[in-house]
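Dear colleague,

Please find below the structure I promised to hand over. My findings follow directly after it, and I would be grateful if you would read them with the model open.

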Amino acid sequence: EGNKAFTNKNYEKAIECYNRCLELDPKSHIAYGNRAAAFIQSKKYDEALNDCSKAIELDPNYAKAYHRRATAFQHFNRIDDALKDLEMASELEPSNKQILSDLKRVRALKASTEATINANMSKINNTTQKLPTNNETNVKIKTELTNEKDQNNKNNDDNKNNNNSVENKPN
């Protein structure tokens, strides 16, 4: 009944059916794995992770649970965890084309992500190398302040001279 609901894309009903199945047989790794698939389709990735982990605990050779957990991991951007699970799933089912396809895709995603991170780190390093050191910054600020002070002193002297010349003028 749960599988029929799943096939008909009625994932909430499928989850309810798998819940009833687990009440009757709490050690059914298949029921946990199937409920995880329904959770994934319902975008309930936390629940899917939990069910896949329970299915793997009950049967460490259940490739579908690793594959489904990898899918859930990807939604949390846990690419390394997804990759590990896909590698395990591919060891358990080396001829499963979907697993192999997903493994290839996630490896490419990881490589692309690492390349982007490396490029961004390079840009950051180049930018920080161009920034003045604290000592250089302090010298520059002191020079600017000294120049500003000198300019203020000159203006004050000019104002005094102007005031003196006005005071010394006859009425």
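Setting aside neighbours within four places in sequence, A89 is in contact with A63, Y66, H67 and I99 in this predicted model. A89 itself belongs to helix 6. Its relative accessibility is 0%, and because buried means under 20%, A89 counts as buried. For the contact with I99, the C-alpha atoms of A89 and I99 are 6.9 Å apart in space, while the two residues are 10 apart in sequence.

As to the overall architecture, the protein chain contains 8 helices and 0 strands, and its pattern along the sequence reads α-α-α-α-α-α-α-α. The chain has 171 residues, of which 29% are buried. When contacts between residues at least 6 apart in sequence are considered, 42% of them join residues at least 24 apart. The exposed area of the protein chain is about 12,100 Å², and carbon and sulfur atoms supply 48% of that area.

Helix 3, residues 29–41, deserves a separate paragraph. With 10 of its 13 residues buried, helix 3 is largely enclosed by the rest of the structure. The buried residues of helix 3 are A31, Y32, G33, N34, R35, A36, A37, A38, F39 and I40; charged and polar side chains can be inspected there alongside the alanines. Against which helices do the buried residues of helix 3 pack? They pack against helix 1 (2–7), helix 2 (11–24), helix 4 (45–58) and helix 5 (63–75). The geometry of helix 3 was also checked: at 1.5 Å a residue, its 13 residues should span 18 Å, and the end C-alpha atoms are 19 Å apart, which agrees. After helix 3 comes K43, which has a positive phi, near 60 degrees.

I turn next to the aromatic rings. A search of the whole structure returned 2 aromatic pairs. One of them is formed by F6 and Y11, in an edge-to-face arrangement with 5.2 Å from centre to centre and 70 degrees between the planes. F6 is partly exposed, at 25% relative accessibility, whereas Y11 is buried, with a relative accessible area of 16%. Y45 and F76 also form an edge-to-face pair, here with 6.4 Å from centre to centre and 85 degrees between the planes. This pair links distant parts of the chain: Y45 lies in helix 4 and F76 in the loop between helix 5 and helix 6 (79–92), with their positions 31 residues apart in the sequence. Y45 is buried, with a relative accessible area of 13%, and F76 counts as partly exposed at 36% relative accessibility.

Finally, there is a feature of the surface to report. Which residues form a nonpolar patch there? The patch consists of I117, M121 and I124, and together these residues have about 280 Å² of accessible area. M121 is found in helix 7, which covers residues 97–130. The relative accessible area of M121 is 42%, so M121 counts as partly exposed, the class that lies between the 20% and 50% limits.

With kind regards

Terms used
Residues are numbered from 1 along each chain as its sequence is written. This is a predicted model: local features need pLDDT of at least 70, side-chain atom pairs count only at pLDDT 80 or more; totals for chains, interfaces and linings use all residues. Side-chain values use heavy atoms; hydrogens and water are left out. Helices (H or I, at least four residues) and strands (E, at least two) are DSSP runs, numbered from the N terminus. Buried means under 20% relative accessible area, exposed over 50%, partly exposed in between (1.4 Å probe, protein chains only). Contact means heavy atoms within 4.5 Å. Accessible areas come from the Shrake-Rupley method with a 1.4 Å probe; for residues, only the protein chains shown count as cover. Patches are made of residues with over 30% relative accessible area and no salt bridge: like charges are joined within 9 Å, nonpolar side chains (Val, Leu, Ile, Met, Phe, Trp, Tyr) within 5 Å. A salt bridge is a side-chain nitrogen of Lys or Arg within 4 Å of a carboxyl oxygen of Asp or Glu. The expected span of a helix is 1.5 Å times one less than its number of residues. Rings of Phe, Tyr and Trp (its six-membered ring) pair if their centres lie within 6.5 Å; planes under 30 degrees apart count as stacked, over 60 as edge-to-face and the rest as tilted.
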